[in-house]
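Reader: Could you take me on a close look at the charged side chains of this model and the parts they join? I'd enjoy one connected walk rather than a list.

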Amino acid sequence: MQTVKQSATTLTASRTIINPILKDEVIFLETSRESNGYHTLVEVTLSAGGGNPLHYHEDFSEEFTCLEGELSIQVGDQIIRLKPGESATAPAYSKHRFFNQSAQSCRFQCRIAPGCPGFEQTLQITYGLARDGQSTAQGMPKSLYALGYTVMISGTYLVGWMSVLQPVLNWLGRRAVKKGIAAELQRRYLTV
């Protein structure tokens, strides 16, 4: 029996997802399955001006380590600007966001502990929908069922006025499962 080795470049390419709308890239360095649930580790290239809204997670923390450029993290009311080699952690239940205030893209690692398969799947589904033209200009799924499902499985909770949408999105996520929409999203977009 012959063993075939994949090159590091081939392996990385098969674990890389790109969002053409947001112009972001995510490389799955280690999934929760590979780490026996210990963590999810991704490398992100975030475009200038990119980022996400304030949110929190109940089941995991996120540690951000800047690799290139400058990454800003908000944890609670504090804004932390990370330079290469610097890290910051958003503990579970802390309201946080990450963003790139610079005119250049930045690259960072995000370690989610413990690992979260739903978070990994959310990235793959939302980036896949963006590639297929099924996302808004802000990178959100156009389908309310897909939006609800990805919010539901990601372990992400909205804050502020957006928190009133959480029960509706969770309901839409459950409907997506019952209608088979979730299974179709998984079939089409889950690769890692």
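Author: Happy to; what follows goes from the salt bridges to a charged residue without one, and then to the nonpolar cores.

Please keep in mind that this is a predicted model. Side chains of opposite charge can pair when their charged atoms come close. Here the count comes to seven salt bridges, and a good place to begin is Arg 107. Its partner Glu 43 has the closest N and O atoms of the pair 2.8 Å apart. Glu 43 belongs to strand β3 (residues 40-46) and Arg 107 to strand β10 (residues 106-113), so this bridge ties together parts that are 64 residues apart in sequence. Are these two residues buried or partly exposed? Glu 43 has a relative accessibility of 15% and counts as buried, while Arg 107, with a relative accessible area of 22%, is partly exposed. With the limit for buried at under 20%, the two values fall on opposite sides of that cut-off.

Arg 107 also meets Glu 68 in a salt bridge, at 2.9 Å from N to O. That pair again links distant parts of the chain, since Glu 68 sits in strand β5 (residues 61-68), 39 residues away from Arg 107 in strand β10. Glu 68 is partly exposed, at 43% relative accessibility.

Another bridge lies between Arg 188 and Asp 132, with 3.0 Å from N to O. Arg 188 is in helix α5 (residues 181-189), whereas Asp 132 is in the loop between α2 (117-131) and α3 (144-154), and the two are 56 residues apart. Both are partly exposed: Arg 188 has a relative accessible area of 44%, and Asp 132 one of 37%. Back at the strands, bridges with shared partners join Glu 43, Glu 68 and Arg 107 into one network.

Strand β5 holds another acidic residue you may like, Glu 62. Glu 62 is buried yet has no salt bridge, and the nearest side chain of opposite charge, that of Arg 111, is 11 Å away. What does the side chain of Glu 62 make polar contacts with? One polar contact, of 2.9 Å, joins it to the side chain of His 57, and another, of 2.6 Å, to the side chain of His 96. Beyond its neighbours up to four places away in sequence, Glu 62 touches a set of residues including His 55, Ala 88, Thr 89, Cys 110, Ile 112 and Phe 119.

Now for the nonpolar side. In soluble globular proteins, nonpolar side chains tend to be buried together. The largest nonpolar core in this model has 24 residues, and Val 26, Phe 64, Leu 71 and Phe 108 have the most contacts inside it. The elements giving two or more residues to this core are β2 (24-30), β3, β5, β6 (71-75), β8 (87-90), β10 and α2. Strand β10 gives the largest share, four residues. Leaving aside neighbours within four places in sequence, Phe 64 is in contact with several residues, among them Leu 71, Ile 73, Leu 82, Phe 98 and Phe 108. His 96 is also one of its contacts, and that histidine is a polar partner of Glu 62. A second, separate core has nine residues, including Leu 129, Ala 146, Ala 182 and Tyr 189.

How values were computed:
Residues are numbered from 1 along each chain as its sequence is written. This is a predicted model: local features need pLDDT of at least 70, side-chain atom pairs count only at pLDDT 80 or more; totals for chains, interfaces and linings use all residues. Side-chain values use heavy atoms; hydrogens and water are left out. A salt bridge is a side-chain nitrogen of Lys or Arg within 4 Å of a carboxyl oxygen of Asp or Glu. Buried means under 20% relative accessible area, exposed over 50%, partly exposed in between (1.4 Å probe, protein chains only). Lys and Arg count as positive and Asp and Glu as negative; His and the chain ends are not counted. A polar contact is a pair of N or O atoms within 3.5 Å; within protein, one must be able to donate a hydrogen and the other to accept it, and residues adjacent in sequence count only if both atoms are side-chain atoms. Contact means heavy atoms within 4.5 Å. A nonpolar core is a set of buried Ala, Val, Leu, Ile, Met, Phe, Trp, Tyr and Cys residues joined through side-chain atoms within 4.5 Å.
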